[in-house]
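Here are my notes on the structure, set out for the bench. Please read them with the model open.

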Amino acid sequence: MASAKRSARSQRNELRLDTPKGLRSGFGMFQRRDRMGRYSEAFARGMGTPWFLVGLSAFVGVWLIYNTSAPFDAQFDPRATNFTLLTLILSLQASYAAPMILLAQNRQDDRDRVQIEQDRQRAERNLNDTEYLAREVVALRLAMTDLASKDFIRAELRALLEELEKDDQADDENVASS
């Protein structure tokens, strides 16, 4: 009973976030969901390099040359059996490589999807900002048309000046006649 409680408590502590990472037990590669994805991307990146192809070609070339030209007793995969072991090794490598590459592609698709959504949101914000600024410019233009221009003010001042001069002349005539 006491050991069952301890094992349940230790399992609960393994899942706690306040427990340091080094104290948790479990298979490390799959402990975090993202770790396997990053491993598969690194694997796919490595398989897509020219050095991998050159290395694999050199490995296969050395394998074929050795198993063709070595004495029959020293051959571990003789030509007579059509290089069965080499075929098996390459098939095994391909059977692991294909799912790893697909997993890496799926992760890239997910990242692309997130990036596209962020770009769409950014474009929408830019469009909203542009529309707001366009409305502000239109409002400023409308406000500017309501303002009096220099020519209008000059014409009004001239009219007032002429009216004042007429009033002064009328006052002068009234003063002279009285």
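The points below go from the overall fold to the helix pair and then to the loop.

1. Status of the model. This is a predicted model. Please read every value below as computed from that prediction.

2. Overall make-up. The protein chain has five helices and zero strands. Read along the sequence, the pattern is α-α-α-α-α.

3. Burial and contact range. The protein chain has 178 residues, and buried ones make up 11% of them. Take contacts between residues at least 6 apart in sequence: 41% of these join residues at least 24 apart.

4. Helix 4. This helix covers residues 84–146. Its 63 residues reach 92 Å from the first C-alpha to the last. The span expected at 1.5 Å a residue is 93 Å, so the two values are close. Which residues of helix 4 are buried? They are L86, A97, M100, A104 and R107. Note that R107, an arginine, is on that list.

5. How helix 3 meets helix 4. Helix 3 spans residues 50–69. Its axis comes within 11 Å of the axis of helix 4, and the two cross at roughly 160°. Angles over 145 degrees count as roughly antiparallel. Helix 3 and helix 4 are therefore roughly antiparallel to each other. Their crossing is right-handed.

6. Residues in the contact. Helix 3 contributes F52, L56, F59, V60, W63 and L64. Helix 4 contributes L85, L86, I89, L90 and Q93. What is the make-up of this contact by class? Ten residues are nonpolar, one is polar and none is charged. Glutamine falls in the polar class, and Q93 is part of the contact. L86 deserves a second look: it takes part in the contact and is also buried.

7. The loop between helix 3 and helix 4. N82 lies in this loop, and F83 does too. N82 has a positive phi of about 60°, although it is not a glycine. F83 also has a positive phi, near 50°, and is likewise a residue other than glycine.

8. Accessibility of the two loop residues. Is N82 buried or exposed? Its relative accessibility is 63%, so N82 counts as exposed; the cut-off for exposed is over 50%. F83 has a relative accessibility of 13% and therefore counts as buried; the cut-off for buried is under 20%. So the loop holds an exposed N82 and a buried F83.

Terms used
Residues numbered from 1 in each chain as written. Predicted model: local features only at pLDDT ≥ 70, side-chain atom pairs only at ≥ 80, totals over all residues. Heavy atoms only, no water. Axes fitted to C-alpha atoms, helices over the stretch in contact; angles between N-to-C directions. Helix = DSSP H or I, 4+ residues; strand = E, 2+ residues; numbered from the N terminus. Parallel < 35°, antiparallel > 145°, perpendicular 65-115°, else oblique. Left-handed = near helix turned anticlockwise from the far one by under 90°. Contact = heavy atoms within 4.5 Å. Buried < 20%, exposed > 50% of the residue type's maximum accessible area, 1.4 Å probe, protein only.
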